[in-house]
Amino acid sequence: MANLSKSKPTSFARPNPSLSFSIACDGTKRQKVECPHPAIHEGKCLLCESAVDDDHSVAFGFLHPSFRLSYVFADKMRELSTAAALGLKKLHLVLDLDHTLLHTIRLFNLTPGEEDRLIPEAEWNAVGGPEGQGDVFLTGTEAGEGSITKLRPFVREFLREAHEMFELTVYTMGGRVYSSRMTKLLDPDGLYFSDRVIAREDCTVRGRKSLDMVLAKESNILIMDDTETVWPDHAANLIAIEPFYFFSHGSKKRCVRPSFGHDGEQDCVLATTLQVLKEIHWRYFDSEPGIKGRDVREVVQQVQSQVRNISGDQASPGDAL
Ligand SMILES: [Mg+2]
Ligand SMILES: [Zn+2]
């Protein structure tokens, strides 16, 4: 947990035992024990019900509003969830949304040609299209403006196969309302992400993403994101991929070519990345016996040449909607 020790004073490494409570041992004796306040809701410890300040815990608002875990208990949860995933032969994969799995723009930024071609298709998907098969949708920003979202080619197959190898988490700089709308498009039956959808409101440092929010050990987490700069502390976990720009708005401004032409789908980044993920997964679990203590960051380094290939020559920092 290099990042945790870097980002917090050492006093945070221990629970705050300032409050205590009694538990019955054998019916007659009661023993005083200190409560480590592992989980806190609306300022009260869920174990001893004492009021607790925020100094020794971190908010996990994506799990439940006003919910916090002590740093120590969060580490314990990381250990447990990593062990549980390993038992299923899985690692953890953190996925960005915008320009990684999909592209969203406001409706007023569509060109007239895009409007003519895409609005009828998106309307059809909303009212009568086959569920789970369309890939362009009328969505909506958190400010209530109309927006349109195109899913990246191959994304459904990607998620289905990645889910077999990884516990999947979404981590976006988009807001919570937006992220939950996008997750619903990608995972309408809730098979992949469960409650693991981390949004802008959860970021502990403005403009940055951190694995502090992910309940798994850093040694077992991979990240897929088109923006490297938001992960300054986790470059070794990161597979940086070429950004997906479907709509012409934004792509010219950033000197990035649209990811596929208007006639056919050419973007194959997710298919290529899936092959790299399969290679990493195989090397981690199957290349040699005994996975105890293995670190996926070392495996990423081993396959670095493949990882570089999908970073793309034209990748440039994009940002969330
Ligand atoms: Mg992005
Ligand atoms: Zn307590």
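Two strands count as paired here if DSSP finds at least two bridges between them. By that rule strand 9 and strand 10 qualify, with 3 bridges and an antiparallel run. Keep in mind while browsing that this is a predicted model.

**How far to trust it**

The average pLDDT for the protein is 83, and 77% of the residues score at least 70. Two stretches fall short of that. Residues 1-19 stay under 50 in pLDDT, and the model gives them 27 contacts beyond four places in sequence. Residues 312-321 also stay under 50, with 31 such contacts. Where pLDDT is low, the predicted coordinates should not be read in detail.

**The 8-10-9 sheet**

Back to the strands. Strand 9 and strand 10 belong to an open sheet of 3 strands, ordered 8-10-9 and paired antiparallel. Strand 8 and strand 9 (136-138) are the edges, each pairing on one side only. On average, neighbouring strands in this sheet are turned by 15 degrees against each other, ignoring direction. Helix 5 (residues 176-186) packs on the sheet and touches strand 8, strand 9 and strand 10. The direction of helix 5 makes about 40 degrees with that of strand 10.

As for register, Phe137 has Thr149 in strand 10 as its bridge partner. On the strand 8 side, 5 bridges hold the antiparallel pairing with strand 10 (residues 147-151), and His103 sits opposite Lys150.

Why is strand 8 described as largely enclosed by the rest of the structure? Strand 8 covers residues 102-106, and 4 of its 5 residues are buried, so the rest of the structure largely encloses it. For a residue to be called buried, 20 or more other C-beta atoms must lie within 10 Å of its own.

**Helix 2 and what comes after**

Helix 2 spans residues 71-87, which makes 17 residues. From first C-alpha to last it reaches 24 Å, close to the 24 Å expected at 1.5 Å a residue. Its buried residues include Tyr71, Phe73, Ala74, Arg78 and Thr82. An α-helix has 3.6 residues a turn, so residues three or four places apart point the same way. After helix 2 comes Lys89, with a positive phi near 60 degrees.

**Loop residues worth a look**

If you're checking backbone torsions, two further residues have positive phi without being glycine: His37, near 45 degrees, and Glu42, near 50 degrees. His37 lies in the loop between strand 2 (30-34) and strand 3 (39-41), while Glu42 lies in the loop between strand 3 and strand 4 (44-45).

Is Glu42 buried or exposed? Glu42 is exposed, because it has 11 C-beta neighbours inside 10 Å and the cut-off for exposed is 12 or fewer. His37 is buried, with 26 other C-beta atoms within 10 Å.

Pro65 is another loop residue, placed between strand 5 (57-59) and strand 6 (67-70). The C-alpha atoms of Pro65 and His41 are 8.2 Å apart, although 24 residues separate the two along the chain. Here are the neighbour counts for these loop residues:

| Residue | C-beta neighbours inside 10 Å | Status |
|---|---|---|
| His37 | 26 C-beta atoms | buried |
| Glu42 | 11 C-beta atoms | exposed |
| Pro65 | 10 C-beta atoms | exposed |

Methods: Residues numbered from 1 in each chain as written. Chains lettered and ligands numbered in written order. Predicted model: local features only at pLDDT ≥ 70, side-chain atom pairs only at ≥ 80, totals over all residues. Helix = DSSP H or I, 4+ residues; strand = E, 2+ residues; numbered from the N terminus. pLDDT = per-residue confidence, 0-100. Contact = placed C-beta atoms within 7 Å. Axes fitted to C-alpha atoms, helices over the stretch in contact; angles between N-to-C directions. Expected span 1.5 Å × (residues − 1).
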